[in-house]
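Biologist: Could you walk me through this model with me asking and you answering? I would like the cut-offs along the way.

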Amino acid sequence: MVVCFISACSEDNPLLNPYQNNPQNNNNNNNNNNNNNEENYTLADLQGVWQRTGGNHAGNEGMIIEVVDDTGLIVDPVTSGFEIDDIKWMNIVENDISDFSHSELGSDYNYYSATINFQSDDVIWISVDALGAGSYQEWTRQ
């Protein structure tokens, strides 16, 4: 006798991906640069000063970054372990999937692929393509 079990799994845990169940994250309301939206954000919209206000690494909350051109420099590292003038966001470019892609400086001082998505004109979410502390972040314009 042969018994075969078929099962399917899905990961719906909002603690692992806090953006998946947010109504602002659907294709009709997120204002990203993909073809499903009427509004697009440009690199000019990202310029300025941003403060980290959330995410999965509480020790980095309060950090302040200034975006100039395609780079985000740390101007106040708070208790993050980073230094002033470290390049936290490097090579920021617009793309068709999310609002922007970039290289994100990790706490191990390696760069990781990441995306930036506007949730509103003054709030962005970052998702880093690596597991662990800091893999998702919320930043608010100052």
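Biologist: Which residue forms a salt bridge with Asp122, and how far apart are the closest N and O atoms?
Modeller: A salt bridge here is a side-chain nitrogen of Lys or Arg within 4 Å of a carboxyl oxygen of Asp or Glu. For Asp122 the partner is Arg141, and their closest N and O atoms are 3.0 Å apart.

Biologist: How many residues apart in sequence are the parts that Asp122 and Arg141 tie together?
Modeller: Keep in mind that this is a predicted model, where local features need pLDDT of at least 70, side-chain atom pairs count only at pLDDT 80 or more, and totals for chains, interfaces and linings use all residues. Numbering starts from 1 along each chain as its sequence is written, and side-chain values use heavy atoms, without hydrogens and water. Strands are DSSP runs (E, at least two residues), numbered from the N terminus. Asp122 sits in the loop between E6 and E7 while Arg141 belongs to strand E8, so the salt bridge ties together parts that are 19 residues apart in sequence.

Biologist: Are Asp122 and Arg141 buried, exposed or partly exposed?
Modeller: Buried means under 20% relative accessible area, exposed means over 50%, and partly exposed is in between, using a 1.4 Å probe and protein chains only. Asp122 has 37% and Arg141 has 23%. Because both values fall in the middle range, each residue is partly exposed.

Biologist: Which residue forms a salt bridge with Lys88?
Modeller: By the same rule the count comes to two salt bridges. Lys88 lies in strand E4, and its partner lies in strand E5, so the pair ties together parts that are 16 residues apart in sequence. Both residues are buried. With the closest N and O atoms 2.9 Å apart, the partner is Glu104.

Biologist: In what sense do the strands of the closed barrel pair?
Modeller: Two strands pair if DSSP finds at least two bridges between them. The closed barrel has eight strands, running E1-E2-E3-E4-E5-E6-E7-E8. As one example, E2 (residues 64-68) and E3 (residues 71-76) pair over five bridges, with Glu66 opposite Leu73. The pairing in the barrel is antiparallel.

Biologist: Which side chain does Gln137 join in a polar contact?
Modeller: A polar contact is a pair of N or O atoms within 3.5 Å; within protein, one must be able to donate a hydrogen and the other to accept it, and residues adjacent in sequence count only if both atoms are side-chain atoms. Gln137 is found in strand E8 (residues 136-141) and is buried, at a relative accessible area of 1%. Its side chain reaches the backbone oxygen of Gly134 at 2.9 Å. The side-chain contact, also 2.9 Å, is with Trp139.

Biologist: Why is the ring pair of Trp50 and Phe118 called edge-to-face, stacked or tilted?
Modeller: Rings of Phe, Tyr and Trp (its six-membered ring) pair if their centres lie within 6.5 Å; planes under 30 degrees apart count as stacked, over 60 as edge-to-face and the rest as tilted. The structure holds five aromatic pairs. In this one the centres are 6.0 Å apart and the planes stand at 70°, so the pair is edge-to-face.

Biologist: What is the relative accessible area of Trp50?
Modeller: Trp50 lies in strand E1 (residues 48-55) and Phe118 in strand E6, so their pair ties together parts that are 68 residues apart in sequence. Phe118 counts as buried, at 0% relative accessibility. Trp50 is buried as well, with a relative accessible area of 0%.

Definitions and conventions. Helices (H or I, at least four residues) and strands (E, at least two) are DSSP runs, numbered from the N terminus.
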